[in-house]
Amino acid sequence: MSEKISGRVLGPDGSPRRAGVVIRDGRIVSVGEPAGAHPPDRDYGDALLLPGAVDVHVHTRSYADEGIERCTRAAAAGGVTTIVDMPYDATGPVESLAAFEAKVADVEREAVIDVALWATVPPRGPIDEVQDLVDAGAAAFKLSTFETHPRRFPRIPDAQLLRAFAAIARAGGLAGVHAENDEIVRAGIAEQLAAGHGGDPLAHGRSRPPVAENEAIARCL
């Protein structure tokens, strides 16, 4: 199905101009003159026409009172038409094929926009489902060097991290890392709390000096 709309778009030089946009099956296929051979189906006047945004770092179910439907509706309201959801759900991480397939079923039932899914690996024990997760459609694997939560969002120990990188590479997958030195950040959090800054949102940044990230990145490399 094709649709033609008109409005303002940003040209190659960054300046706005009137244009006609042809959309077919949800994708922009051409940008041309505002009228062209046929009048547009909808004219948005001087409104700026933007493609749907993609947010690759979303947590729809880190907390039980959120959820896929609520988060995807909020995304749609803000012009985000695709999200890539993190694997750290309140019910436990998406680290197995069974958990991944169950979440896919939930997405198909609840989502109002396009959703892709991150997966992860267990912090200890065998790493034997990476290939199955790639084959099932996992967009990438998230691994953490900081323990946000011992069950929902665990730290992957160095030896397991190394095995995970190898397994993901063999499977043709992608890996992303939450890179923070666990001991440095925990010490920083303790210092901020002891100083009475527990309710100060800027304390989050002060608890994490640049070396905390730099060390974790260097270790992963």
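In this predicted model, Asp 55 stands opposite Ile 83 of strand β6. The strand partnered with β6 here is β5, which spans residues 53-58, and the two run in the parallel sense, paired over four bridges. A helix completes the arrangement: together with α1 (residues 68-77), β5 and β6 form a β-α-β unit of right-handed sense.

Strand β6 also leads to the largest pocket, since β6 (80-85) is among the elements that contribute two or more residues to its lining, alongside β1 (2-10), β2 (16-24), β3 (27-32) and β4 (42-48). This pocket holds about 730 Å³ of space. Its lining comprises 22 residues, and those nearest the centre are Ile 23, Gly 26, Ile 28, Pro 51 and Gly 52. By character, the lining of the largest pocket consists of 13 nonpolar, four polar and five charged residues.

We turn next to the second largest pocket, with a volume of about 160 Å³. Its walls are built from Ile 189, Gln 192, Leu 193, His 197, Gly 198, Asp 200, Ala 203, His 204, Ser 207 and Arg 208. Two or more of these lining residues come from each of the helices α5 (182-194) and α6 (203-206), and α5 makes the greatest contribution, with three residues. Here the lining divides into three nonpolar, five polar and two charged residues.

Methods. Residues numbered from 1 in each chain as written. Predicted model: local features only at pLDDT ≥ 70, side-chain atom pairs only at ≥ 80, totals over all residues. Heavy atoms only, no water. 1 Å grid on protein atoms, 1.4 Å probe; cavity = no way out; pocket = protein on both sides within 12 Å on 5 of 7 lines; lining within 4 Å. Points joined across faces, edges and corners; volume = space filled by probe spheres on them. Nonpolar A, V, L, I, M, F, W, Y, C, P; charged D, E, K, R; others polar. Pairing = 2+ DSSP bridges. Right-handed = clockwise from strand over helix to strand, strands pointing away.
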